[in-house]
Amino acid sequence: MEDARDRYIAPGCRLCREGAKLVLFVTGRCDRDCWYCPLSSGRKGVDRVFANDREVETEEDLIEEARVMSALGTGVTGGDPLLEPDRVVRFCRALKTTFGPDHQIHLYTGRAPTRDELLPLVGLVDEVRLHPPHADWGRILRTDYPRAIREARALGFAIGVEVPALPGIQGLAALLPLVDFLNINELEWGEANADGMRERGLELARPTGNAIAGSRDWARPLLGDPRTRYCTSAFKDSVQLRERLVRVARNTARPFDECTGDGTVVYGRLRPDGAVGEAVAALGLEEGEYAIEEGGLELAWWRLVEGRDTVAGEKAVVERYPNRGMIVEETPL
Ligand code: SF4
């Protein structure tokens, strides 16, 4: 049954929860320099485009990545995507043309966009998420953001605010009557913001994970409002990322790969002492039951376990992220 609070969840968040949202990083450039910016040094200020973790250059690259995960929507992020408006239009048009108008697209920006900045996005972007500067939160109604919110709404966008939990966040309560949603992200420690965190005496909530202690307490005064969602760092890793990997694994697994609930695939790998063809015959493998990769012969892990004494060579059960992603574990046999 639908939770009452679900009625207010941003449509883009629903898809994110299912792992069905592709993350399109349009540029690492941004005209702000927030001390808490979560971007890694490899992304911050760098003018490159990534779809999830894959660097893309063309619309075709993007569509391929969207297909691999059966994406139902896309979050356009950065940096500030509005510093590259033509790029945003080009990629969003490719997504909408390929997957149809129901492919839900949300766009993040640190700016208070003008009507002229928003107009080219009509019909391409469904939802706009604003991130006003921290220094403005206490005087938000005297900034340009209420005007941007009204204009976005008049143009038909779903409109909300998305910010990390920081002291003083209750100042944003003044915006709640104007927006469709307020998304608060748990403040996260990152390689590029570590000095800023230390300077402010902030610490990790737990030794494992990136969440900063006290985040939820700062956000608490706003959490009673039905338009507010609080997104924890653990949720992003354990639900959004895992669900996305599960989708990719389902789409890319070979017949003999076993897909796990964690979004990884497991298979057996044999580096035979003799010829690969001889090992295939000794194990009784038919076409489709194995693949020959650079690392050796790959097959169902249980077939390798069963046939381990019939072939000589280095044998292991391999668990890795899907689509030839990172190896998580290798268990020698
Ligand atoms: S506006 Fe966003 S991308 Fe730009 S510096 Fe701030 S947190 Fe980073």
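Begin at the hairpin: select β10 and β11, which form it with 5 residues between them. In the turn, display Gly263, whose phi is positive at about 85°. The model is a predicted one, and every stop on this tour should be viewed as such. Extend the selection to residues 258–259 for strand β10 and residues 265–272 for strand β11; the two run antiparallel and are joined by 2 bridges. Label Cys259 next, and Val265 of β11 will be found opposite Cys259.

**Partners of β11**

Keep β11 on display and add strand β14, residues 313–320. β11 and β14 pair in the antiparallel sense, over 8 bridges. To locate this pairing, centre on Tyr267, which stands opposite Val318 in β14. Now add strand β13, residues 296–299, which pairs with β11 over 3 bridges, again in the antiparallel sense. Here the pair to label is Gly268 and its bridge partner in β13, Leu299.

**Leu299 and the core**

Remain on Leu299 and show its surroundings. Leaving aside residues up to four places away in sequence, Leu299 touches Phe256, Tyr267, Gly268, Leu283, Leu285, Glu289, Tyr290 and Leu304. Tyr267 and Gly268, already labelled, are thus among the contacts of Leu299.

Next, select Leu24, Val76, Cys92, Leu107, Val125 and Ile169 together with Leu299: in the largest nonpolar core, which has 71 residues, these touch the most other members. This core lies between domain 1 and domain 2, because both give residues to it.

**The two domains**

Colour residues 4–248 as domain 1 and residues 255–332 as domain 2. Their centres, taken over C-alpha atoms, are separated by 40 Å. The contact takes 5 residues from domain 1 and 5 residues from domain 2. For the domain 1 side, select helix α8, residues 233–252, which supplies the largest share, 4 residues. By class, that side of domain 1 has 4 nonpolar residues, 1 charged residue and no polar ones.

**The open sheet**

Turn to the 9 strands that form an open sheet, and step across them in the order β3-β2-β1-β4-β5-β6-β7-β8-β9; the pairing is mixed. Which strands stand at the edges? They are β3 (54–55) and β9 (228–231); each has a single partner strand, so one side of each is left without a neighbour in the sheet. At the β3 edge, select strand β2, residues 50–51, which is joined to β3 by 2 bridges and runs antiparallel to it. Label Ala51 there, together with Arg54, its bridge partner in β3.

**Helix α5**

Select helix α5, residues 145–154, and show Tyr145, Ala148, Ile149, Glu151 and Ala152, which are buried. Against which elements do the buried residues of α5 pack? They pack against α4 (115–118), β6 (127–130) and β7 (158–164). Following α5 is Gly156, with a positive phi near 95°.

**The ligand**

For the last stop, centre on the ligand and select the residues around it: Cys30, Arg32, Asp33, Cys34, Cys37, Leu39, Gly78, Gly79, Asp80, Gly110 and His131. Colouring this shell by class gives 4 nonpolar, 4 polar and 3 charged residues.

Note on methods:
Residues are numbered from 1 along each chain as its sequence is written. This is a predicted model: local features need pLDDT of at least 70, side-chain atom pairs count only at pLDDT 80 or more; totals for chains, interfaces and linings use all residues. Domain bounds come from an automatic or database domain assignment. Two residues are in contact if their C-beta atoms, placed from the backbone, lie within 7 Å. Ala, Val, Leu, Ile, Met, Phe, Trp, Tyr, Cys and Pro count as nonpolar, Asp, Glu, Lys and Arg as charged, and the others, Gly among them, as polar. A residue is near a molecule or strand if its C-beta atom, placed from the backbone, lies within 6 Å of it. A nonpolar core is a set of buried Ala, Val, Leu, Ile, Met, Phe, Trp, Tyr and Cys residues joined through C-beta atoms within 7 Å. A residue is buried if 20 or more other C-beta atoms lie within 10 Å of its own, exposed if 12 or fewer, and partly exposed in between; C-beta atoms are placed from the backbone. Two strands pair if DSSP finds at least two bridges between them.
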